[in-house]
Each structure stands twice: as structure tokens, then as C-alpha cells.
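Welcome! Please open your viewer, get a cartoon view ready, and follow along one selection at a time.

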Amino acid sequence: PILSEKVFFTSKGFHHLKYDGSGRGRRIKDYHRRLLVLIHSIAVISTATNIYEYKPKIYSQKLGKYIEIWELRAVVGREKESISVVLRRVGTGNISFYSVWKNGGKHKKIKKPAS
């Protein structure tokens with residue numbers, strides 16, 4: 001509703017869940033985390049009340065076209081998790097799902113300070 005357009009789920013978005021922007025495979029744990037929150041993508045898209053971040057008409061050398069990117073965030077699910085969904089439009093095409101992740105779930109190891 002926030003974008004007033006249909007959002008399409010295509011193979012490009014699912015490919016991006018498994019591979020990063022440079023084409024390298026994501027770590028298994030990262031890929032698994034993204035798949036686990038994928039189910040919340042539709043809820044985020046349909047309930048988000050504002051656009052968290054918008055990047056207008058950026059030229060992509062790789063695609064040879066301009067792209068627009070939206071990041072939507074919403075708190076969804078029984079556990080009330082904050083989920084981000086990235087949508088993009090390539091050229092004048094449809095808006096499509098591109099990525100998803102749980103906010104605050106980076107799981108970085110914290111190094112203990114030397115004593």
C-alpha cells in the first residue's frame with residue numbers, strides 16, 4: 001500500500017538471497033537467516049507505513065539501466081521482529097522483491113578486550 005503498486009517476487013530476488021551483489025555465495029548461516037524471515041516479506045510490504053530508505057534513479061553499470069531502491073521496515077510476526085525488505089525497479093519495469101533480513105540480527109562476534 002505504501003508504494004501503491006504491485007510488488008513482484010522474481011528469480012532475481014531469490015538469487016540475491018543466496019548470492020551477494022558481486023555474485024559470491026553468501027555464508028550458509030546468512031542464507032539460512034534470510035530464508036527464515038522470507039515468510040515475513042509479504043507482511044512487511046503490506047503493513048509498512050513509511051519508507052525507511054529510498055535511493056532514486058541510480059545508474060547501474062552492471063545492468064546498464066537506472067534502478068530505484070526502497071527499504072521498508074515493519075515489526076511483524078508473533079515474536080514482533082523488526083524485518084527489512086528491499087524492493088527495486090530496474091529501468092521502467094515492475095517493482096520487485098530484492099532482499100530481506102531481520103534487523104539487529106547481524107550476529108557479529110564481539111572480541112573481548114585484552115586483560
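Which residue in β5 is the bridge partner of Ile83? Keep that in mind while we look around; the model on your screen is a predicted one.

**Stop 1: the whole chain**

Begin with everything selected. The protein chain has 115 residues, and 33% of them count as buried. Its C-alpha atoms fill a box of roughly 55 × 35 × 25 Å along the principal axes. Colour by secondary structure and you will find 3 helices and 5 strands, which follow one another from the N terminus as β-α-α-α-β-β-β-β.

If you switch on the surface, you are looking at about 8400 Å² of accessible area, with 55% of it belonging to carbon and sulfur atoms. Colouring by charge brings up 24 positive and 8 negative charges, whose mean positions are 7 Å apart.

**Stop 2: the sheet**

Now show the strands alone. They make an open sheet of 5 strands in the order β1-β5-β4-β3-β2, and the pairing is mixed. At the edges sit β1 (7-8) and β2 (51-60), each paired on one side only. As a general point, strands of a sheet pair through backbone hydrogen bonds, either parallel or antiparallel.

**Stop 3: from β2 to β3**

Select β2 together with β3, residues 65-76: these strands run antiparallel and are joined by 7 bridges. Show side chains for Tyr54 and for Trp70 in β3, which stand opposite each other. The two strands form a hairpin with 4 residues between them, and in the turn Gly64 has a positive phi of about 70°.

**Stop 4: from β3 to β4**

Move one strand along the sheet. Here 10 bridges join β3 to β4, again in an antiparallel arrangement. Two pairs are good to select: Glu68 is opposite Arg89 in β4, while Ala74 is opposite Ile83 in β4. This hairpin also has 4 residues between its strands, and Gly77 in the turn has a positive phi of about 80°.

**Stop 5: from β4 to β5**

Stay with β4 and colour by burial. The strand is mostly covered, with 8 of its 10 residues buried. Next add β5: residues 81-90 (β4) and 95-102 (β5) run antiparallel, with 7 bridges between them.

Here is the reply to our opening question: the bridge partner of Ile83 in β5 is Lys102. Ile83 therefore gives you a handy marker, as you have already met it opposite Ala74 of the neighbouring hairpin. Another pair to select is Leu87 with its bridge partner Phe97 in β5. In the hairpin of β4 and β5, with 4 residues between the strands, look for Gly91, which takes a positive phi near 60°.

**Stop 6: the helices**

Bring the helices back. Helix α1, residues 11-18, lies across β4 and β5 and runs at about 25° to β5. Helix α2, residues 28-38, packs on the sheet and touches β4 and β5, with its direction at about 115° to that of β5.

Finish with helix α3, residues 41-47, where you can pick out Ala43. Is Ala43 buried or partly exposed? Ala43 counts as partly exposed because its relative accessibility is 30%. Draw a distance from Ala43 to Val85: the two are 42 residues apart in sequence, and their C-alpha atoms are 10.0 Å apart in space.

Terms used:
Residues numbered from 1 in each chain as written. Heavy atoms only, no water. Pairing = 2+ DSSP bridges. Contact = heavy atoms within 4.5 Å. Axes fitted to C-alpha atoms, helices over the stretch in contact; angles between N-to-C directions. Buried < 20%, exposed > 50% of the residue type's maximum accessible area, 1.4 Å probe, protein only. Areas by Shrake-Rupley, 256 points an atom, 1.4 Å probe, with all protein chains shown as cover. Lys, Arg positive; Asp, Glu negative; His and termini not counted. Charge placed at Lys NZ, Arg CZ, Asp CG, Glu CD.
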